[in-house]
Number of protein chains: 2
Amino acid sequence: MSKQGVTPQSENFSDWYNEIVYRADLAARSPVRGCLIIKPYGYEIWEAIHNSLDRRFKETGHQNAYFPLFIPESYLKREAEHVEGFSPELAVVTVAGGKELEEPLVVRPTSETVIGEAFSEWIQSYRDLPLLINQWANVVRWELRTRPFLRTSEFLWQEGHTAHATHEEAEAETLQMLDVYADFAINEAAIPVIKGLKSNIERFAGALRTYTIEGMMRDTRALQSGTSHNLGQNFAKAFDIKYLDEQNEQQYCWTTSWGMSTRMIGAIIMTHGDDQGLRLPPKVAPYQVVAIPIFRKEEEEAPVMEKLMNIVKDLRAAGIRVHVDDRNQSPGFKFNDWEMRGVPVRLEIGPKDVEKGNAVLVRRDVAGRDAKQFVSQDGIVKTVQDLLDDVQASLLADATAFRDANIHDVSSYDEFRQVIDGGGWARGWWAGSDDNERQIKEDTGATLRCIPLEQPGGTGTCFYSDEVAQSVALFAKAY
Amino acid sequence: MSKQGVTPQSENFSDWYNEIVYRADLAARSPVRGCLIIKPYGYEIWEAIHNSLDRRFKETGHQNAYFPLFIPESYLKREAEHVEGFSPELAVVTVAGGKELEEPLVVRPTSETVIGEAFSEWIQSYRDLPLLINQWANVVRWELRTRPFLRTSEFLWQEGHTAHATHEEAEAETLQMLDVYADFAINEAAIPVIKGLKSNIERFAGALRTYTIEGMMRDTRALQSGTSHNLGQNFAKAFDIKYLDEQNEQQYCWTTSWGMSTRMIGAIIMTHGDDQGLRLPPKVAPYQVVAIPIFRKEEEEAPVMEKLMNIVKDLRAAGIRVHVDDRNQSPGFKFNDWEMRGVPVRLEIGPKDVEKGNAVLVRRDVAGRDAKQFVSQDGIVKTVQDLLDDVQASLLADATAFRDANIHDVSSYDEFRQVIDGGGWARGWWAGSDDNERQIKEDTGATLRCIPLEQPGGTGTCFYSDEVAQSVALFAKAY
């Protein structure tokens, strides 16, 4: 047990994760199987994700809209792969307003179908293209095994849906949104994700191509953290999404969809957390600084609080999110509590600091003595801003170093199995078949996470089939 | 028909409303009975409502959280009035993951029950109070008759849920949130709502007291636009929400809930719209200004666009939301289109304006020649800002004058019936019973909208029962 009474990561990562989710007050169990209550501290992280992504979506020309929660069962069946992929997980409304429904309504697991139907009505000519829509919504997938944030029966997400005149434009959109996700993950969530293409087996039900960003969690497992799909003309044909081109000819559109969900909260927990609790990147942290007054005697309270609140006011004026913990609890209790909740920087002010014009800053990302520094109150806003930038950068650097130390190049299946058994990710030339991929999963538990967009170039020999391979692939055990 | 081809309000207000919703591109019909697709232009109004309210909720100490979409059927039954009120409208999931569920899951019509259960676990002692939570969510009420935005099977809303130590604190919270709603409605949506208390018959299922804000639509019907409920200890007792007080005694909490929904979009349409289309208050308008270049010859395009974009840049830098309509359509087509969509101010720049340093501004709230003014490009940002302020104020003034002209004091039931038959709201001293209220509804179609918080003082004689009355009540036909 750590000093927080949490199972250490090294002992049982899964227990550590479950404990942290509830101990850091991110979520609570709900009475509905597999559904989570997202508590304010968790929801504020989601709001940060929401706001960061929404800004990027709007900057790239997308508009938000809202489509019905319910989808007629018959819609889902129009795209064959799609219904096959989602059927086992559907929640179905059969009774409404006291009556049995003639056609059952599926609670949306994703909205390609209902949005496809709408697009077919909205799009008439090439002038209506591209149509760039995003939806913030809840979706339901009735999973057998659920885990907080990572896999819940209901979750929150955004789903982008776009229609284009050509395959090239749809592909460009798909890749643009993958870049948006990667930019968010790397530069806000400090998760050094790897961009790549999914294999046939792993792609979205109904897509032509699925791109993914894959993050490495601190137990070295992979977490798919966002996906962007080029749907080709599959949904356009299933839902009759057509446009009149400049030559007055009817053409099918090319569509895309892309999504990121509350699963990202799980990614942040598992990329940065340690045995003392969460470590939140400043850019997504609900509180970037927690300010704690330190005093023993009653007469010390007023001057300490006055100085503290002056500094807090200045920090807030500079746009820094500060929480003042003035609870009637010991400083030690508060330190542990905010360490657990992963607040990037702790600010302490005591009577001596008031006297000397100093303050204590403690960064959460570093352990032990190195975390603490005594600073002057002069210019403290700049000091704190710089420190927050440094914490943000150092979390990303740590995660990148960890990732790179755990990815290993392999050139034979023996090497591959050694790497996977050792908990690493295996990267190797790949020309295997779908069946080869299934066999590898059965043998080792590892799945093809992606064909990274960044490739060494040239060709090589497939580590599994020995055939000539055009690209390297990344395999790992995954969530 | 108006020049827009829309049914005039005077002819058939209901047809006018339905046509405007779709013609102004706020929404689209969906394949699911009673559900609406909110299109980007409508959703942006919802985003403005969301952002304005969310800011106010946070300023008053509330935090957002998220609770499950599904509620076990048994939960709903724990509060007797509550289940009676909502049972006829429930949508029920009976099958999930391919299996019949042991206990059906209700799609939330509102979340008092599931949040009540959570509160009972989260609250231990007086230190945990007040607990101030808000949720942004979709809810489902399977209504027999639906109308876009006003009454849809699924709608978007926020629902606040709070717990307090005393009745007084709960009542203060209930009234505070009513004030928040009224402040938003009046100062952002330019709807001069009347705050008041609902009668026993009209109050929320399970509440002690329901407060409402009532708006008068342009057909003089009332629209309940937001409600705030003091739930007393009803839900606390049903869900065992208790706290240990300072004397170490177990006490039941006092809870509140309050909500505003996408219905507010309907309120904005019906308070301000005219036969030419929407008239949007600048504070909630997706675009506050639409900028339209005017030119006949090709060589005029470049200088006109250059000047236009320079002005647009300055306006945007000042935080004004500007849309540039550079579609390949005639100016007349564009004027009509943006008139329909209710953009508060139109900015036109033509070759002569470029020459003379002028611009044309046309305000949407005023008809005919008075709408148009020729202004200098110098200081145009300030000119536009002032004009937007003026449009905002004048829409509120118009709606207030209309409201006041249509509320009539009555002192007998004969007078009452005349007022109601004439399409007015009737205000009179009221000491009637629940049965009296039902009889009035049966006789006239009017319902008791509220006992206004603003009262004349003293006592009077009830217009219906002739008994001594402590307060006046407001009756009207309502949506």
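1. Start with the threonine pair: in this predicted model, the side chain of A:Thr94 makes a polar contact with the side chain of B:Thr94, at 2.6 Å. On the chain A side, this threonine sits in strand S5, which runs over residues 91-96.

2. How buried or exposed is A:Thr94? Its relative accessible area is 13%, so with the cut-off for buried at under 20% it counts as buried. Leaving aside residues up to four places away in sequence, A:Thr94 touches A:Lys99, A:Glu100 and A:Leu101 in its own chain, plus B:Val92 and B:Thr94 across in chain B.

3. Now the symmetry. A turn of 180° with a shift of 0.0 Å along the axis lays chain A on chain B, and the RMSD is 0.0 Å. The two copies are therefore related as by a two-fold rotation axis. Which C-alpha of chain A is nearest the axis? That of A:Val93, 2.0 Å away from it. Both copies use the same surface, with 100% of the contact residues of chain A recurring in chain B.

4. Over in chain B, have a look at helices H2 (residues 40-59) and H6 (residues 167-187): their axes come within 11 Å and cross at roughly 145°. The crossing of H2(B) and H6(B) is right-handed.

5. Who meets whom there? H2(B) brings B:Ile49, B:Ser52, B:Leu53, B:Arg56 and B:Phe57, while H6(B) brings B:Met177, B:Val180, B:Tyr181, B:Asp183 and B:Phe184. Sorted by class, this contact between H2(B) and H6(B) holds seven nonpolar residues, one polar and two charged.

Key: Residues are numbered from 1 along each chain as its sequence is written. Chains are lettered from A and ligands numbered from 1 in the order in which they are written. This is a predicted model: local features need pLDDT of at least 70, side-chain atom pairs count only at pLDDT 80 or more; totals for chains, interfaces and linings use all residues. Side-chain values use heavy atoms; hydrogens and water are left out. Helices (H or I, at least four residues) and strands (E, at least two) are DSSP runs, numbered from the N terminus. Buried means under 20% relative accessible area, exposed over 50%, partly exposed in between (1.4 Å probe, protein chains only). A polar contact is a pair of N or O atoms within 3.5 Å; within protein, one must be able to donate a hydrogen and the other to accept it, and residues adjacent in sequence count only if both atoms are side-chain atoms. Contact means heavy atoms within 4.5 Å. Copies are superposed by least squares on the C-alpha atoms of residues with pLDDT of at least 70 in both. Axes are lines fitted to C-alpha atoms, for helices over the stretch in contact, and angles run from 0 to 180 degrees between N-to-C directions. A crossing is left-handed if the near helix is turned anticlockwise from the far one by less than a right angle, and right-handed if clockwise. Ala, Val, Leu, Ile, Met, Phe, Trp, Tyr, Cys and Pro count as nonpolar, Asp, Glu, Lys and Arg as charged, and the others, Gly among them, as polar.
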